[in-house]
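Welcome! Take a moment to look over the model below, and then let us walk through how its parts fit together.

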Amino acid sequence: MDFLRPASWEEALAAKAEHPTAVPIAGGTDVMVEINFDHRRPEYLLDLNRIAELREWETGEETVRLGASVPYTRIMEELRTELPGLALASHTVASPQIRNRGGVGGNLGTASPAGDAHPALLAPGCEVEVESVRGSRLIPIDDFYTGVKRNALAEDELIRAVHIKKADGPQQYSKVGTRNAMVIAVCAFGIALHPETRTVRTGIGSAAPTPIRAKAAEEFLNAALEEGGFWESKKIITPSIAKQFAELASGAANPIDDVRGTANYRRHAVGIMARRTLGWTWESYRGTSRGSTEGVA
Amino acid sequence: MRVNFTVNGRPQEADDVWEGESLLYVLRERMGLPGSKNACEQGECGSCTVRLDGVPVCACLVAAGQAEGRDVVTVEGLADYAKQRAEHGGCGTGACGTPGGTSLQDAQQWQAKPLDSQTGEGGELSPIQQAFIDAGAVQCGFCTPGLLVAADEMLERNPSPSDADIREALSGNLCRCTGYEKIMDAVRLAAARQSETAPSQGA
């Protein structure tokens, strides 16, 4: 094994081009587990810790350009206003020690359907900035996940940042697990209201081979809210609409039975989380209760 | 490969480090500092918690090469670290350039020497270590080093933590003996003592 320690992003890209099998390591919270347990013996480890810009973010007009290695701790402490859904999701990641090291780039690189960040990236909508010596490109998040632990990266590409739409309305995130800390999601659900475009977007984690959106549920809800004039009137969403939204979200899931839960349970839980998070965000939109960044029950 | 980093305020060097080796392995097996415990090796238990440039991390998930040129504090250096912090206000890391630190030999030979309850003498412990002993928060002791490092860091950031703050800060550290109540007591005790001795400091 060789340990590559590029001092700059350009050096990292050159190293990845020269050694396409090199495994990038930033927080190490996935990679080191695999090495410690002898599940993986990469020829090259490509350490990204020396590249300071990966730990930085910029807040623009419409998006936050979030460096791939910005630790979850920083996201939950400093980006609650711009990225409330991702801040909530970040808070559910493992433990303080893990949140101090791990970042969104790792979740995207690993592309596990159980990565906590995914639903909170799908719901607001984002683009993943990847780069190689050949050039840079932005991959829409909807095209990023290509299979179980597979993503759209070419072998010489590295994830540099994620361009996430700043919240224009309430967002929520919900995760089912056996306890609050140190838990891999049984399943998870993210939702973002976009009052500017009068749309609602969702993200589902751990309930399909890849993180997915509940597109049929979104389409139904968008049409129902428009038809009923809910965005203007801010009236309470009728239980039948919420129920139908939940059923369609549940139907979008394509889960498996595993040690953490059964497929049936996951389908059920996704529906419950969809209904609840819709309720929380809508109440927040109506301005009647808790703010968009508070409270996950 | 060779790896150089600061441990408990002193520069150290490790040779023949395997590229996939963890910081924890280097600390324990190459530097003779077994205070940080090796348990789950997957970041679940927090027994190997150390501070990397001041930030609590699981040493088992840091590749040794990633520690190159950086600053590590282990439980063996915690007493000294806390002392430096008390004396210099806020920063006990070697990172802020304070001389001293704990030599590798001292760290290797470090033993818990609590305050003598009769004479009040001894006392080579950090306040959090003393509080763990006084509150009976140590049973088998395996989780203790990680908990001490995590709790000490929280008290540095948050001198008057609520119970929820303590639970959150220690949520990455598993203890299978105590049921956590005595650990909660110990952290509350350390916080109370800290506010008594330094009422003007902190938030």
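Here is a short tour of the chains, sheets, helices and domains.

This is a predicted model. Chain A and chain B touch each other, and each gives 24 residues to the contact. Chain A has an open sheet of three strands, while chain B has an open sheet of five strands. Chain B is also assigned two domains.

**Where the two chains meet**

- Four elements of chain A each supply at least two residues of the side that touches chain B: strand S1 (2-4), helix H2 (31-36), strand S3 (44-47) and helix H5 (96-99).
- Which element of chain A gives the most to this side? The answer is H2(A), with four residues.
- Sorted by class, the side of chain A that touches chain B holds 13 nonpolar, seven polar and four charged residues.

**The sheet of chain A**

- Follow the strands across this open sheet and you meet them in the order S1-S3-S2, with parallel pairing.
- S1 and strand S2 (23-25) of chain A each have a single partner strand, so one side of each is left without a neighbour in the sheet.
- On average, neighbouring strands of this sheet are turned by 30 degrees against each other, ignoring direction.
- S1(A) pairs with S3(A) in the parallel sense, over three bridges.
- To find this pair in the model, look for Asp2(A), which stands opposite Tyr44(A) in S3(A).

**The sheet of chain B**

- This open sheet runs in the order S2-S1-S5-S3-S4, and its pairing is mixed.
- Which strands form its edges? They are strand S2 (10-14) and strand S4 (55-58) of chain B, each of which pairs on one side only.
- From one strand to the next, the twist averages 40 degrees.
- Strand S1 (residues 3-7) and strand S5 (residues 71-73) of chain B are partners in the parallel sense, joined over two bridges.
- A handy landmark is Thr6(B), which has Asp71(B) of S5(B) opposite.
- Helix H5(B) lies across S3 and S4 of chain B, and its direction makes an angle of about 45 degrees with S3(B).

**Two helices that pack in chain B**

- A pair of packed helices is described by the angle between their axes and the distance between those axes.
- For helix H4 (residues 127-135) and helix H5 (residues 144-157) of chain B, the angle is about 125 degrees and the axes are 9 Å apart.
- Why are H4(B) and H5(B) called oblique to each other? Their angle of about 125 degrees falls between the roughly perpendicular range of 65 to 115 and the roughly antiparallel range over 145, and therefore counts as oblique.
- Their crossing is right-handed.
- H4(B) makes the contact through Ile128(B), Gln129(B) and Phe132(B), while H5(B) uses Thr144(B), Leu148(B), Ala151(B), Asp152(B) and Leu155(B).
- By class, five residues in this contact of H4(B) with H5(B) are nonpolar, two are polar and one is charged.

**The two domains of chain B**

- The domain assignment places domain 1 at 3-73 and domain 2 at 105-197.
- Taken over C-alpha atoms, the centres of domain 1 and domain 2 of chain B are 21 Å apart.
- Domain 1 of chain B brings 15 residues to their contact, and domain 2 of chain B brings twelve residues.
- Strand S3 (residues 49-52) of chain B supplies the largest share of the domain 1 side, three residues.
- The side of domain 1 of chain B that touches domain 2 has six nonpolar, seven polar and two charged residues.

Conventions. Residues are numbered from 1 along each chain as its sequence is written. Chains are lettered from A and ligands numbered from 1 in the order in which they are written. This is a predicted model: local features need pLDDT of at least 70, side-chain atom pairs count only at pLDDT 80 or more; totals for chains, interfaces and linings use all residues. Axes are lines fitted to C-alpha atoms, for helices over the stretch in contact, and angles run from 0 to 180 degrees between N-to-C directions. A crossing is left-handed if the near helix is turned anticlockwise from the far one by less than a right angle, and right-handed if clockwise. Two residues are in contact if their C-beta atoms, placed from the backbone, lie within 7 Å. Ala, Val, Leu, Ile, Met, Phe, Trp, Tyr, Cys and Pro count as nonpolar, Asp, Glu, Lys and Arg as charged, and the others, Gly among them, as polar. Domain bounds come from an automatic or database domain assignment. Two strands pair if DSSP finds at least two bridges between them.
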